[in-house]
Amino acid sequence: MPRSTNSQREMVDGLPLFDHHCHGVIEYDLSAAEFESLISESSRPAAPGTTRFDSQIGVQVLSQCAPVLGAERFCSPTAYLDARAALGADEVDRRLLKAARLTTLGVDTGHAAGLITGPERLGELAGATAHEVVRLESLAEGVAHTMRAEENPLPPSRDNAALFLQKLEDPLDMRLARAIGVKSIAAYRYGLDFLAARPATDEVIAAAVEFLSQPATMRLDDPVLIRHLLWLAIDRKQVIQLHIGYGDDDVDLHRCNPLLLTELLRTTRDTGARFALLHCYPFVREAGYLADVYEHVYFDVGLAINYTGSHSPRVIAESLELAPFGKILFSTDAFGLPELYFVGAQLFRRGLAEVLDYYQREWGWPDHYCRKVAELMCYDNAARLYGVDDRKN
Amino acid sequence: MPRSTNSQREMVDGLPLFDHHCHGVIEYDLSAAEFESLISESSRPAAPGTTRFDSQIGVQVLSQCAPVLGAERFCSPTAYLDARAALGADEVDRRLLKAARLTTLGVDTGHAAGLITGPERLGELAGATAHEVVRLESLAEGVAHTMRAEENPLPPSRDNAALFLQKLEDPLDMRLARAIGVKSIAAYRYGLDFLAARPATDEVIAAAVEFLSQPATMRLDDPVLIRHLLWLAIDRKQVIQLHIGYGDDDVDLHRCNPLLLTELLRTTRDTGARFALLHCYPFVREAGYLADVYEHVYFDVGLAINYTGSHSPRVIAESLELAPFGKILFSTDAFGLPELYFVGAQLFRRGLAEVLDYYQREWGWPDHYCRKVAELMCYDNAARLYGVDDRKN
Amino acid sequence: MPRSTNSQREMVDGLPLFDHHCHGVIEYDLSAAEFESLISESSRPAAPGTTRFDSQIGVQVLSQCAPVLGAERFCSPTAYLDARAALGADEVDRRLLKAARLTTLGVDTGHAAGLITGPERLGELAGATAHEVVRLESLAEGVAHTMRAEENPLPPSRDNAALFLQKLEDPLDMRLARAIGVKSIAAYRYGLDFLAARPATDEVIAAAVEFLSQPATMRLDDPVLIRHLLWLAIDRKQVIQLHIGYGDDDVDLHRCNPLLLTELLRTTRDTGARFALLHCYPFVREAGYLADVYEHVYFDVGLAINYTGSHSPRVIAESLELAPFGKILFSTDAFGLPELYFVGAQLFRRGLAEVLDYYQREWGWPDHYCRKVAELMCYDNAARLYGVDDRKN
């Protein structure tokens, strides 16, 4: 990348990186259409007459990833996809994941688990240590599926509802024995404008009865059940990752402003639970405010970094406006494509180095303080939050 | 303009420009007070002790337009208005409209049509090809006025309501035979928080009865009628321009966030209709998100460009954060003053060139790709969307 | 500060500054924990493993204030606090307040009055002329406390309510004889989504009965009473300062968007009252819009300047996007620490100079116009708005 070298880039490049929120990678060869669909949050193909490559993320792939795969920088989409096909999925995955130079991964295992690798395999491909993050809604849906598999049709009685609620806790506790935290997609399933309070048992039972009476899809989108799951995690003093803001087109973005969580955050200050707000675009300043005033709130601008591409240094700079430096995390939110881990990591390194370079050049920050803030954001904050440190000494 | 030359400015300057949303120009001489009122979205004079010239748009007029009229760059407001008066409205219109170098115009004919030129005359003055954009609310109000002119008082009966609704469709179809799309000011008349669904016939009739019972002003602000008009346009697979965000002071800006349209956009994906979100300030990032995830959504940051002036390069840069490059349009939203077409076009050219120069300088974009993105935003996207191409070969 | 010199810095540095909204300073020696709590809007200590010094404001203190106290630029927090302790509160206050070079102060006397200096003493320490700004909610709470002190328990009757409402007006008028305006913290006590209309007498009486029946804390958070207080100020054609946006963690930030005031602003255009929106982060663009379209609206980005530190030039630039230059004010919102006046003033000078330097370098603004805009924002706008001018000729 031209001009990517600045006074801080080398320092940042040398630091280990803790990607606290990503998904698995796809291990099979992709068609052009499949590839395009994975460099967009839309559920539909690009508009007629346009291509997904004509976008910030598309440009990043063609300019940054192409050389890693032996193609020419800024080659055509066709040339890029040809290079990809010639190497095969496994080699592409290995090259790009290695090039991302990630040390620790927090892997959300709750989405499309059948299509992508699990944490262990991802860690192996990336040369990193991978830790699971348990998606609450998927876990609950899995429990319901199992119950139905055992008894079909499953009568949606209060007894079965109570059984369902009881059966949630064992697998949750079992997985939390190794996982580093939980994830909720309340934003997708309902919005962030749910009530903050722990729901009453009767409400939860009634909601579970309703949920169990659904047809086979078993999509958990009831706000009472979502709250119940969140409070299970709060009671366990977990780090709770929350999808915030921008994402797939089934989100109602105006109901995903993190400020809607204010009452929940106020209520949970003294519980031991902590919250990691994910992505947060375009609510970056709002997330920074919450991380400033609530001591148990952390956030990242992952996903937004990849999709704003050349403008990601500005997004990263905004994340440093109000938030204490000890509360900002790094993630790629990569899913499926190894390109997304690599681009996400490189853009974060570059954007962070640019901001620090600005601080030094314009505000006189000494080297040691630039380094300290970089260490916090690249690894230390996540290590402290999750109680995990995989760095070699 | 100092420093306006950069590696991309000459290239951008050479491209044809499709201003997909503007209004007519005033052809009579203006008083100082009239001129000031036209460089602001406020319905009131400037605060005591201040002048509208002390603003971003004021500075643009005094610095950019003055030399076109033979006045000194950064002259005083008085000197500027004197130069304007000495030349006369016709010469001022011609000079500034020509200097804007616009190739194609989409002209909203629904606001203050008596004060300003129609599309044909505007095209003539500007040396451009002008196409009409039909404002839905004005068309409906016109039909009601005609009915009342024929029978006064007009009994607000269900029969008259049905007649009114039926009489809407003929002139709409007739004008759409030549027009390139429609425009709705739902944002002004109600807000964007209307229901998405097509309204039931009975609801529409009842709303029409109510509307026809109004006194002479016949201001169409009923959300059911607004939805009816929008669905007429959706059924006709039109490009629907929607006012979004910032504008005159009769807007409730917090009800003009384009995210409030999410359900309407979701519902209309497969109808053939497309949406062009206009202005979008300060909801630029939100508009970019919608253009990214919804294949039938396009947007511009016109109006905001003029009124943010020296800061418009930042607003233009933000419009390129998330949105695919094939979904971003150009407009001036100019009304009345020829200055607004000229400044709007010049600021867009400069801001776009600056962003592209940044991409090349900092991210290595090759010339051909800078040119491609510029062509998309200056003309190709609008030509593809509206099915209109007036470029000479 | 490195690079702080630019073509406009010297000019801006030479201008008097009108800090239209600040609080008193603390005159006693502070513990480390007290100091940390005063460089944050949070009501809690920093998260475990972090310090409030690792933040934008922390860096400003260590880099800008340290030399004023004889410590090394970018010293450690401990070294800074040691230097502070060695000098003693009085000397620290004097040095930093003098270094802020403020000419006129508008002092909100309604918060924690027992801990901090009053206006007169603050003015003395700062070498500035200080004027009171009367906080409406505190005044009303004070009246209620006095009534209860005279008769305890105070029967919450309609008679006492009427008496309470009547007793508000005398001290208000008395203090307004000298004060330059009022302040309301409706944002903290309720949110900005209150009804715009003047409340009916019966409603107000009922709300006052309820308020007087409260236990000893007497926290005025009823929206009807808040509106009553605002309308008392509107009737008196006051400048009404309103807390907007970011602040302590008892604010619901999503209910503090200034756009929620739209109806109130529309309703009060012709009353003679004027509104000064304070802070406005992250709603800077929204505030600029309101200042543009409503002739009686002014705003500042104080508080946000201190807390965004190295990024404050961007925040200041955003405040100049849409707003007329004659409507933008300066404040520090400093409370307690003399550091906050000094840093707030220095950051504003620097950010303003940077924006003006950009205008000159990139857009050709002549020196005289840069100076004019600087004078407006530093002093003239506030002087015109408040009818106060303390500049020596």
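**Contacts between chains, and a pocket**

Visitor: How many residue pairs are in polar contact between chain A and chain B?
Guide: There are 23 such pairs between chain A and chain B, both residues at pLDDT 80 or more. In this predicted model, local features need pLDDT of at least 70, side-chain atom pairs count only at pLDDT 80 or more, and totals for chains, interfaces and linings use all residues, while side-chain values use heavy atoms and leave out hydrogens and water. Residues are numbered from 1 along each chain as its sequence is written, and chains are lettered from A and ligands numbered from 1 in the order in which they are written.

Visitor: What makes a pair a polar contact?
Guide: Two N or O atoms lie within 3.5 Å; within protein, one must be able to donate a hydrogen and the other to accept it, and residues adjacent in sequence count only if both atoms are side-chain atoms.

Visitor: Why is the pair A:R44 and B:D270 called a salt bridge?
Guide: The term asks for a side-chain nitrogen of Lys or Arg within 4 Å of a carboxyl oxygen of Asp or Glu. In A:R44 and B:D270 the closest N and O atoms are 3.1 Å apart, so the pair qualifies. The rule finds 8 salt bridges across the interface of chain A and chain B.

Visitor: Which pair of side chains meets in a salt bridge at 2.9 Å, N to O?
Guide: B:E318 and C:R285 do. Between chain B and chain C, 8 salt bridges are found.

Visitor: What is the area buried between chain A and chain B?
Guide: About 3400 Å², of which 54% is on carbon and sulfur atoms. Buried area is the accessible area (1.4 Å probe) that two parts lose on being put together, summed over both, so the figure covers both chains. In chain A, the residues A:D54, A:F74 and A:H311 lose the most area to chain B, together 18% of what that side buries.

Visitor: How many residues of chain A are in contact with chain B?
Guide: 44 residues of chain A touch 36 residues of chain B, contact meaning heavy atoms within 4.5 Å.

Visitor: What makes a space a pocket?
Guide: On a 1 Å grid over the protein atoms alone, a pocket is an open set of points where a 1.4 Å probe fits, with protein on both sides within 12 Å along at least five of seven lines; lining residues have an atom within 4 Å of a point. The second largest pocket has 33 lining residues, with A:N257, B:N257, B:F283, C:N257 and C:E286 nearest its centre.
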